[in-house]
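Could you walk me through this model in the viewer, one selection at a time? I would like to know what to click on next and what is there.

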Amino acid sequence: MRWVRFLLWFVLGLGVLWGGYWFVGARALEKATQAWFDSQKAAGRVAEASSISVAGFADRFDLTISDPSLSDPISGWGWQAPFVQILAMTWKPWHVIAALPLTQVIHAPDGQDVTLSSGRLMASVLMQPTPALPLNRAVLEGEGLGLSSSQGWRLGL
């Protein structure tokens, strides 16, 4: 009976440690994302989001950036979307997946707005799990891609 009690406390302790790891990692990811947005603003760019949140307890870090809007007033380029999700497993954070919305808008320097639409658009980046995190593989997947311009032209893939 003593070993059952020991096993119960051991498993409970591991659960508490894992939960603590997730909460610390989630807060660090949230703060790093906000710091990136702040650094873009400090560099003279427009970088806004209505919210930044992390979910996925306890096996994933699911970062959701709602209503991101990025632009460079000097070059005139910009981008906005309803959301961006960046996902990683807690036990494999060097493999990152980005889920992009079905519709995004790219603002061009000539005043043109180009809407990128898709049936599905995702990207995956796998880095080697070493301190330098060198790139191992990158994949971009899309279905039913289309571009439509505010100047009247269209392109589909």
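Here is a short tour of this predicted model, stop by stop.

**Stop 1: the start of the chain.** Select methionine 1, which sits in the segment before helix 1 (2–42). Methionine 1 is exposed, because its relative accessible area of 75% is over the 50% cut-off. Now add Trp3, Val4, Phe6, Leu7, Phe10, Val11, Leu14 and Leu17 to the selection: with Met1, these residues form a nonpolar patch on the surface. Together they have about 1,000 Å² of accessible area.

**Stop 2: aromatic rings.** How many aromatic pairs does the structure hold? There are eight aromatic pairs in the structure. For one of them, show phenylalanine 23 and phenylalanine 57: their ring centres are 5.3 Å apart, with 35° between the planes, and the pair is tilted. This pair links distant parts of the chain, as phenylalanine 23 belongs to helix 1 while phenylalanine 57 is in the loop between strand 2 (51–55) and strand 3 (60–66), 34 residues apart. Phenylalanine 23 has a relative accessible area of 44%, so it counts as partly exposed.

Next, move to tryptophan 36 and phenylalanine 37, an edge-to-face pair at 5.3 Å centre to centre and 85° between the planes. Are these two rings' residues buried or partly exposed? Tryptophan 36 is partly exposed at 40% relative accessibility, whereas phenylalanine 37 is buried at 5%.

Before leaving the rings, select Trp18, Tyr21, Trp22, Phe23, Phe57 and Phe61 together; they form one aromatic cluster. You will recognise Phe23 and Phe57 from the tilted pair.

**Stop 3: along helix 1.** Click on lysine 41, another residue of helix 1. Lysine 41 is partly exposed, with 45% relative accessible area. If you draw a distance from its C-alpha atom to that of valine 24, 17 residues away along the chain, you should get 26 Å.

**Stop 4: a serine in a strand.** Finally, go to serine 124 in strand 10 (residues 120–127). Its relative accessibility is 16%, so serine 124 counts as buried. Which side chain makes a polar contact with the side chain of serine 124? Show histidine 95: the two side chains make a polar contact at 2.9 Å. To see who else is there, leave aside the neighbours within four places in sequence; serine 124 is then in contact with His95, Val96, Ile97, Arg137, Ala138 and Val139.

Methods: Residues numbered from 1 in each chain as written. Predicted model: local features only at pLDDT ≥ 70, side-chain atom pairs only at ≥ 80, totals over all residues. Heavy atoms only, no water. Helix = DSSP H or I, 4+ residues; strand = E, 2+ residues; numbered from the N terminus. Buried < 20%, exposed > 50% of the residue type's maximum accessible area, 1.4 Å probe, protein only. Polar contact = N/O pair within 3.5 Å; in protein donor to acceptor, adjacent residues only side chain to side chain. Contact = heavy atoms within 4.5 Å. Patch = residues over 30% accessible without salt bridge, like charges linked within 9 Å, V, L, I, M, F, W, Y side chains within 5 Å. Areas by Shrake-Rupley, 256 points an atom, 1.4 Å probe, with all protein chains shown as cover. Salt bridge = Lys/Arg side-chain N within 4 Å of Asp/Glu carboxyl O. Phe/Tyr/Trp six-rings, centres within 6.5 Å; stacked < 30°, edge-to-face > 60°.
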